[in-house]
Amino acid sequence: MARIAGVNIPSDKPVGIALTYIYGVGRHSAAKMLQALDIDQARRVNTLTDAELLQIRERIDRDLKVEGELRREVAMSIKRLMDLGCYRGLRHRKGLPVRGQRTHTNARTRKGPAKPIAGKKKVGK
């Protein structure tokens with residue numbers, strides 16, 4: 001199992017897919033990087049040589065913000081919005097959708113499970 005940017009990459013998957021296990025590397029950036037390094041995306045990770053793995057490792061370190069550094073940057077951006085008190089920051093603080101989605105119905109992912117209204121009791125016949 002190869003280790004790149006502190007993440008264990010699955011060795012039985014194609015390189016283009018396996019690189020997406022790293023936070024901050026998507027399909028597009030993986031494809032561009034592999035094309036620049038002249039490595040076929042369809043090759044499995046376990047068929048790569050040590051030199052090719054080293055090339056990928058160096059390219060990611062040099063060109064991309066990944067894992068801890070990227071997570072820290074995203075968290076700091078959200079914290080900045082919350083400190084400013086802007087609309088997006090307030091939505092983050094309240095745990096509601098940030099990008100204008102409707103909340104009257106749906107938005108259960110951000111709001112959590114539905115809470116029953118206190119005081120309303122069903123009256124039987």
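**Exercise 1. Determine what share of the residues of the chain counts as buried, and set the result beside the overall dimensions.**

Solution. Of the 125 residues in this predicted model, 28% count as buried, where buried means under 20% relative accessible area, exposed means over 50%, and partly exposed lies in between, with a 1.4 Å probe and protein chains only. The model is predicted, so local features need pLDDT of at least 70 and side-chain atom pairs count only at pLDDT 80 or more, whereas totals for chains, interfaces and linings use all residues. Residues are numbered from 1 along each chain as its sequence is written, and side-chain values use heavy atoms, with hydrogens and water left out.

Next, take the radius of gyration, which is computed over C-alpha atoms and compared with a globule rule of 2.2 Å times the number of residues to the power 0.38. The chain has 22 Å, while a compact globule of 125 residues would have a value near 14 Å. The C-alpha trace spans about 75 × 45 × 20 Å along its principal axes.

**Exercise 2. Find which residues have the most contacts inside the largest nonpolar core, and which elements supply the core.**

Solution. Begin with the order of elements, which reads β-β-α-α-α-α-α-α along the sequence; helices (H or I, at least four residues) and strands (E, at least two) are DSSP runs numbered from the N terminus. A nonpolar core is a set of buried Ala, Val, Leu, Ile, Met, Phe, Trp, Tyr and Cys residues joined through side-chain atoms within 4.5 Å. The largest such core has 20 residues, and those with the most contacts inside it are I4, I9, V15, L19, I22, I56 and I60. At least two residues of this core come from each of β1 (2-4), β2 (7-9), α1 (15-18), α2 (27-36) and α3 (50-63).

Then follow L19, using contact in the sense of heavy atoms within 4.5 Å. Once neighbours within four places in sequence are set aside, L19 is in contact with I4, V25, A30, M33, L34, I56 and I60.

**Exercise 3. Work out what Y21 and E67 touch, and whether each is buried or partly exposed.**

Solution. Y21 lies in the loop between α1 and α2, and because its relative accessible area is 43%, Y21 is partly exposed. Not counting residues up to four places away in sequence, Y21 touches V7, P10, K13 and E67.

E67 belongs to helix α4 (residues 67-84) and counts as buried because its relative accessibility is 17%. Besides Y21, the contacts of E67 beyond four places in sequence are A5, V7, I22 and Y23.

**Exercise 4. Locate G89 and state which residues it touches.**

Solution. G89 is found in helix α5 (residues 87-94), and G89 counts as buried because its relative accessibility is 0%. With residues up to four places away in sequence not counted, G89 touches L81 and M82. The C-alpha atoms of G89 and V74, which are 15 residues apart along the chain, are separated by 13 Å.

**Exercise 5. Give the phi values of N106 and A107, and decide which is buried and which is exposed.**

Solution. N106 is not a glycine, yet it has a positive phi of about 65°; A107, also not a glycine, has a positive phi of about 60°. N106 sits in the loop between α5 and α6 (108-111), and A107 lies in the loop between α5 and α6. N106 counts as exposed because its relative accessibility is 55%, whereas A107 is buried because its relative accessible area is 18%.
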